[in-house]
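Trainee: I've got a new model open and I'd like to learn how to read it feature by feature. Can we go through it together?

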Amino acid sequence: GGKQLSNLYQVNISYPFDVTKSIRFSTGIRSDNTVYNATQQLDTFSLKLKNDRTLYQTSHLEFVYDNSVVTAMNIYNGARAKIYGDFNRQINKVQFADGPNTFNVGFDARYYYPIYKNFIWAGRAAGDFSFGNQKLIYYLGGVDSWLMFGGNTKKDGTDKYFATNNPPANDQDYAFQSLAVNMRGYIQNIASGNNALVINSEFRLPVFTTLFDKTINNAFIRNFMVTQFIDLGTAWNGSYKGIKRPEINYSNGGPVNVRVKAGGIGPFAGGYGFGLRSTLLGYFVKFDAAWQMNGVFRGKPQTYFSLGLDF
């Protein structure tokens with residue numbers, strides 16, 4: 001066993017065209033250092049293992065448009081979007097001129113529509129597409145900044161946070177990994193691949209600041225809101241021809257392997273549900289309960305506690 005330590009030394013440059021549009025560039029060196037542990041006392045073999053250090057040159061370029069206005073905690077009006085590209089190249093332990101490299105392009109577009117006072121509808125569409133001789137792998141499912149309590153295995157032996165019985169394709173070479181979220185109603189890794197698309201819809205109702213015209217000093221009450229959401233998402237390998245509805249693997253290592261197409265629409269897995277948000281101890285805390293899109297509130301919902309604003 002071992003421990004991986006990562007350090008990033010980076011320079012950021014930003015050039016604004018006007019108050020809503022800008023171009024941003026960052027470049028740097030990332031160091032991933034794997035430190036191997038001694039397995040037992042007097043184990044001379046593991047003690048002699050040298051640390052494994054890999055260096056990457058990383059670059060990120062993005063164009064940002066943002067005319068959104070914050071009207072209350074987690075409540076926006078307007079639109080914001082970005083398109084971006086990443087280039088990562090391994091710069092040590094390279095044996096050939098065409099060394100390991102990773103390209104990634106993507107977008108993230110969000111629109112916030114005011115309905116009544118602080119009550120809004122928020123929509124988001126995001127995609128990532130990775131290529132090169134080393135790729136990024138995207139794990140679809142769950143939410144960003146998910147607070148995970150305890151291990152991954154439930155008492156009945158099933159996975160709690162990350163689906164371990166849905167391994168990535170073995171014909172790809174991956175250098176980095178990331179999440180494709182939000183995809184509520186499912187745990188992480190209901191699908192994976194070097195491409196991912198996610199669509200999110202949320203109605204956000206700050207209960208007290210919308211319904212009452214009084215100044216509220218208590219942060220928890222002032223920022224308390226109820227949400228209703230719908231999430232759609234998919235992840236796949238290769239070209240657009242590989243897009244399909246994700247399948248859920250229900251096997252637990254036994255002789256029978258059962259794969260069932262996830263509930264959803266077209267090539268997208270789908271989930272829907274309700275959430276609560278507010279400020280607690282200085283953090284913006286989110287609770288969501290979501291059902292898979294294969295019936296009307298069928299079965300037990302998947303629940304999430306997470307931190308962070310917006311999607």
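Mentor: Sure, let's begin with one pair of residues: Tyr84 stands opposite Gly106 in strand 6. Keep in mind that this is a predicted model.

Trainee: Which strands pair there, and over how many bridges?

Mentor: Strand 5 and strand 6, the latter covering residues 101-116, run antiparallel and share twelve bridges. Strand 5 also has a partner in strand 3: residues 52-66 and residues 75-90 pair in the antiparallel sense over eleven bridges. There, Thr58 is set opposite Asn88 in strand 5.

Trainee: What about strand 4, how does that pair with strand 5?

Mentor: Strand 4 takes in residues 69-72, and its pairing with strand 5 is antiparallel too, over three bridges. Ala72 has Ile75 of strand 5 as its bridge partner. The hairpin of these two strands has two residues between them, and Asn74 takes a positive phi near 65° in it.

Trainee: And what leads into strand 4? Where is Ser68 found?

Mentor: Ser68 sits in the loop between strand 3 and strand 4. Leaving out neighbours within four places in sequence, Ser68 is in contact with Asn77, Gly78, Ala79 and Arg80. You can also compare sequence and space: Ser68 and Lys21 are 47 residues apart along the chain, with 12 Å from C-alpha to C-alpha.

Trainee: Let me zoom out. How many helices and strands does the protein chain have?

Mentor: Three helices and 18 strands. For the overall extent, the C-alpha atoms fill a box of roughly 70 × 55 × 45 Å along the principal axes. As for contacts at a separation of 6 or more, 64% of them are between residues 24 or more positions apart.

Trainee: How much of the chain counts as buried?

Mentor: Of its 311 residues, 41% count as buried. On the outside, the chain exposes about 17,500 Å², with carbon and sulfur atoms supplying 60% of that area.

Trainee: And the charges? How far apart are the mean positions of the positive and negative ones?

Mentor: There are 31 positive and 21 negative charges, and their mean positions are 4 Å apart.

Trainee: Back to single residues. Is Thr227 buried or exposed?

Mentor: Thr227 has a relative accessible area of 1%, so it counts as buried. Look for it in strand 12, residues 225-236. To see what surrounds Thr227, list its contacts beyond four places in sequence: Phe203, Arg204, Gly273, Phe274, Gly275, Leu276, Arg277 and Asp288.

Trainee: Now the backbone. Which residues does a cis peptide bond join?

Mentor: Val181 and Asn182, with omega at about 0°. Asn182 belongs to the loop between strand 9 (174-180) and strand 10 (191-193).

Trainee: I'm also checking phi signs. What is the phi of Lys117?

Mentor: Near 55°, which is a positive value in a residue other than glycine. Lys117 is in the loop between strand 6 and strand 7, the latter being 119-131. Its relative accessibility is 41%, so Lys117 counts as partly exposed. Put Asp310 beside it: that residue is not a glycine either, and has a positive phi of about 60°. Asp310 lies in the segment after strand 18 (302-307). With a relative accessibility of 3%, Asp310 counts as buried.

Trainee: Last topic, the rings. How many aromatic pairs does the structure hold?

Mentor: The structure holds 19 aromatic pairs. One of them is Phe119 with Phe203, a tilted pair at 6.4 Å centre to centre and 40° between the planes.

Trainee: Why does that pair tie together parts far along the sequence?

Mentor: Because Phe119 lies in strand 7 and Phe203 in strand 11 (residues 195-206), the pair links parts that are 84 residues apart in sequence. Phe119 is partly exposed, at a relative accessible area of 22%. Phe203 counts as partly exposed as well, at 32%.

Trainee: Which residues do ring pairs link into a cluster?

Mentor: Phe208, Phe212, Phe220 and Phe224. Try picking out those four rings in the viewer.

Definitions and conventions:
Residues are numbered from 1 along each chain as its sequence is written. This is a predicted model: local features need pLDDT of at least 70, side-chain atom pairs count only at pLDDT 80 or more; totals for chains, interfaces and linings use all residues. Side-chain values use heavy atoms; hydrogens and water are left out. Helices (H or I, at least four residues) and strands (E, at least two) are DSSP runs, numbered from the N terminus. Buried means under 20% relative accessible area, exposed over 50%, partly exposed in between (1.4 Å probe, protein chains only). Contact means heavy atoms within 4.5 Å. Accessible areas come from the Shrake-Rupley method with a 1.4 Å probe; for residues, only the protein chains shown count as cover. Lys and Arg count as positive and Asp and Glu as negative; His and the chain ends are not counted. The place of a charge is taken as NZ of Lys, CZ of Arg, CG of Asp or CD of Glu. Two strands pair if DSSP finds at least two bridges between them. Rings of Phe, Tyr and Trp (its six-membered ring) pair if their centres lie within 6.5 Å; planes under 30 degrees apart count as stacked, over 60 as edge-to-face and the rest as tilted.
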